[in-house]
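Trainee: Could we go through this model together? I would like to start with the terms and then ask about individual places.

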Amino acid sequence: MLEDTSFAIHPGQKKTLENTTYHDVGNLLNFEETKGVYTFSCDAGYVTLLFYRQDIVRIIMNPFEKPSVKSSVALVKEPEKVNVEVVENEVEIALSTGKLAIKILKTPFRVSIYDGTGTLLVRETVKGMGYKENREVICFKEMSENDHFYGFGEKSGFLDKRGEKMTMWNTDVYAPHNPETDALYESIPYFMTLRNGNAHGIFFDNTFKTTFDLRTETDTFSFHAEGGQLDYYVLAGPTPKAVLEQYTDLTGRAPIPPKWAIGYHQSRYSYETEQEVRELAKTFLEKNIPLDVIYLDIHYMDGYRVFSFDKDRFPTPDKMIKDLKNAGIRIVPIVDPGVKEDPEYKIYQEGIRNDLFCKYIEGNIYFGEVWPGNSAFPDFTTKKAREWWGDKHSFYTDLGIEGIWNDMNEPAVFNETKTMDLKVLHDNEGDPRTHRELHNIYGLMMGEATYEGMKKQLSGKRPFLLTRAGYSGVQRYAAVWTGDNRSFWEHLQMSLPMVMNLGLSGIPFTGPDVGGFAHDSNGELLARWTQVGAFTPYFRNHSAIGFARQEPWSFGVKYEEVIKKYIQLRYQWMPQLYSLFAEANETGTPVVRPLMMGYPNDEHTFNLSDQFMFGDNVIIAPIMTPGTTHRAVYLPEDIWVNYWTDEVLEGGTHHLIQADLEILPIFIKQGTMIAHGEVKQSSDYIDEKLTIHLYTSSEGSSLFTLYEDDGKTFDYEKGAFLRKTIKAEFQQNKLELTIEDEGSYTPTWKHLELKLHNSTENLKVNVNGKEISEKEYDRKVNVVTCIL
Ligand code: MIG
């Protein structure tokens, strides 16, 4: 309470943290190597260094003992065999792989890291790395004037995090989400630095509360943890995409979602009865507004007991789920970690009798107050508890449910600290650690339990998981929504850099609550937000109890029409979106990207927070203020085409763009392609025809990859996909297309039609060396049919 008064800035409040004595590791005494692991003994600590690939090095400092190379659950990669050249002289030791060169100064022990071309990536300042007396670990690196910083998971504020100080501590923040709000639901202790057009990354794999300080000094940044080892990876880049490839090689990539999971989703805290859910579905169907998912928030449960239905509100969930599924709509229920303390409740009984809940060292169970009242929390750090929890999901999957929504898994508890007692001792597979150390991975481990459990039960079908909390690696299991935002224009604005930085943090499947969760939304805001939502990887309209209803028709016909148009547009763009998800699965490149990613040498892009790219050839520049029908749009070098009007616009400059309520400004890079499917009621309806829109140019060439598979199963992992690459080469009056197919999947669409934009009158089109006949080329509408 006193925190919200002037007492917060009382002169006596200065934290002791900054005043604690800092010790750096001192001078090197000696070093040894065993099986590619180099261990350096210094005056005041030990440093271990090992390569995971030629372009990834891991450095671990432990002030007290030789470092442990056991990594956190974020890691899915084992070190590869890397040839290292070691050169030592009086002053320093150099370790080189061809893509990285590590130079270690002996007195004092200081590390500098260069890439294969000799460009400096990371250099320690005079303070180097070390620890404080309270066992905090910290290191200090040089920050150059040209450095820009991205990633850090889920943070408020603008795109470039230079000048910020950020804390990683999974926190339930109902309010506020302000520019100064720091710790939110996700902790991704990772970032990439962009310097002079090149990028490199740092992943600080420490699950304690960590902080990244890019603010306190102008020429130094530091990162620090409350305990544990100073354990970090340096990723050599040199492009932003390369850094993401490296980071997701370490922490894993997102599976391709089932198609229904990237459709339009409707939620409310809560749709409270079976009747209400059925009526909601009916309205969508009657109005022909596409819909893939309806969420069940906490009211569906019997006294908030997970794995149960309230018999009065939902008397026949099996029938409801089946009927909806027949109409192409799926149900996704919420599951929180808290298990009600109730000796007559089966889940609680099992948890207690099989010793599956979080406990204190003395053996007593930790109880916290959440929705069901006094509750116990599964200890997801053990395989036994994860398997049990996963198995329990057959309660849902037996009813035909294929998706789960995990909330409150920071874990959130209704108390002063907002979470579990830090003294709780997690079993952690016989390597006990306090909640203070493992807090940040609780949500990730719950995600693993849920995803793996459902995967087993769905016999080949892809599960969908939505989570609020997570740590590095969460992308392997779940989509992430950005928690309890509000129906403010400012929160619409903030969602763009948030989604972009989550993408740059290895998590491609993200989005905010469209329309805003708390506070009352309005027609204009919902229309503008839905326009953006149609292009964010995750697209769900969700709103809170006690605030204005927010279904597409809630604010009158005028807005309903715009909202419907953009939900339909989402389905038209689905083949493009799906191809981007496949790319993310393969390479770690996110679906939604900042312009910086494609144009890392263009300073206009470094902190561009109100536009984003959808793949590498589409720019979305939404309207995000009320009563506004125009905005400035920055188009980088290249030539751009207005998606709605086909108007050609020069790049490398700003344009004033008109955008009435029904227009979301979209620009396509000239010379490139996008794929459109058909408008449909839900992703269950298949495409009969696909259209490739080609924005012609008079010169140059481009490559487009269209990815397709069954959208449902994991057969794509065994080759059952279609990857169609279309190369377009432009010459005056001539277009040469080279089409190649890879994979064994036969798509549902039988026609692939080519729509040419801004083409010249007598354009000759060749496909795989053969000229297209006039019969196949309708010149009035610029459509070429029958390319397969
Ligand atoms: O603190 O389940 O962020 O989406 O509707 C409230 C009720 C708990 C928080 C989630 C929100 C959800 C709500 N939950």
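Mentor: Let us begin with accessibility: a residue is buried under 20% relative accessible area, exposed over 50%, and partly exposed in between, using a 1.4 Å probe and protein chains only. This is a predicted model, in which local features need pLDDT of at least 70 and side-chain atom pairs count only at pLDDT 80 or more, while totals for chains, interfaces and linings use all residues. Residues are numbered from 1 along each chain as its sequence is written, and side-chain values use heavy atoms, with hydrogens and water left out.

Trainee: Is Glu603 buried or exposed?

Mentor: Glu603 counts as exposed because its relative accessible area is 60%. Its place is in the loop between α13 (595-598) and β36 (612-614). Such elements are DSSP runs numbered from the N terminus, with helices (H or I) of at least four residues and strands (E) of at least two.

Trainee: And how far is Glu603 from Asn146, C-alpha to C-alpha?

Mentor: Their C-alpha atoms are separated by 10.0 Å, although the two residues are 457 places apart along the chain.

Trainee: On to the ligand. How many residues surround the ligand, and which are the closest?

Mentor: There are 13 residues around the ligand, and the closest are Asp297, Asp407, Arg468, Asp484 and His542. A residue is near a molecule if one of its heavy atoms lies within 4 Å of it. By class, the shell holds eight nonpolar residues, one polar and four charged. Here Ala, Val, Leu, Ile, Met, Phe, Trp, Tyr, Cys and Pro count as nonpolar, Asp, Glu, Lys and Arg as charged, and the others, Gly among them, as polar.

Trainee: Which atom of the ligand does a polar side-chain atom of Asp407 lie 2.7 Å from?

Mentor: The partner of Asp407 is a nitrogen atom of the ligand. Oxygen atoms of the ligand also have polar neighbours: one is 3.0 Å from an N or O atom in the side chain of Arg468, and a polar side-chain atom of Asp484 lies 2.4 Å from an oxygen atom of the ligand. Taken alone, the ligand exposes 350 Å², and the protein buries 94% of that. These areas come from the Shrake-Rupley method with a 1.4 Å probe; for residues, only the protein chains shown count as cover.

Trainee: Where is Arg468, and what are its polar contacts with other side chains?

Mentor: Arg468 is in the loop between β29 (464-467) and β30 (470-471). Its side chain makes polar contacts with the side chains of Asp407 at 3.2 Å and Asp172 at 3.4 Å. A polar contact is a pair of N or O atoms within 3.5 Å; within protein, one must be able to donate a hydrogen and the other to accept it, and residues adjacent in sequence count only if both atoms are side-chain atoms. Arg468 counts as buried because its relative accessible area is 2%.

Trainee: Now helix α10: how many of its residues are buried?

Mentor: Eleven of the eleven residues of α10 (residues 523-533) are buried. They pack against α9 (489-503), β33 (513-514), β34 (540-541), α11 (557-572) and β36, where contact means heavy atoms within 4.5 Å. At the N-terminal end, Asn522 caps α10, with a side-chain oxygen 3.2 Å from the backbone nitrogen of Glu524.

Trainee: How many disulfides are there?

Mentor: The search of the whole structure finds zero disulfides, a disulfide being a pair of cysteine sulfur atoms within 2.5 Å. Cys42, for instance, is unpaired because the closest cysteine sulfur, in Cys139, is 14 Å from its own, too far for a bond.

Trainee: Last topic, the backbone. Which peptide bonds are cis?

Mentor: Those from Thr107 to Pro108 and from Tyr269 to Ser270 are cis, each with omega near -5°. Pro108 lies in the loop between β8 (100-105) and β9 (110-115), whereas Ser270 is in the loop between β20 (265-266) and α2 (274-286). Most residues other than glycine have a negative phi, and most peptide bonds are trans.

Trainee: What is phi at Lys418 and at Asp638?

Mentor: Phi is positive in both, about 70° for Lys418 and near 95° for Asp638, and neither is a glycine. Lys418 lies in the loop between β26 (403-406) and β27 (425-426), and Asp638 in the loop between β38 (630-635) and β39 (639-642). Lys418 is partly exposed at 34% relative accessible area, as is Asp638 at 35%.
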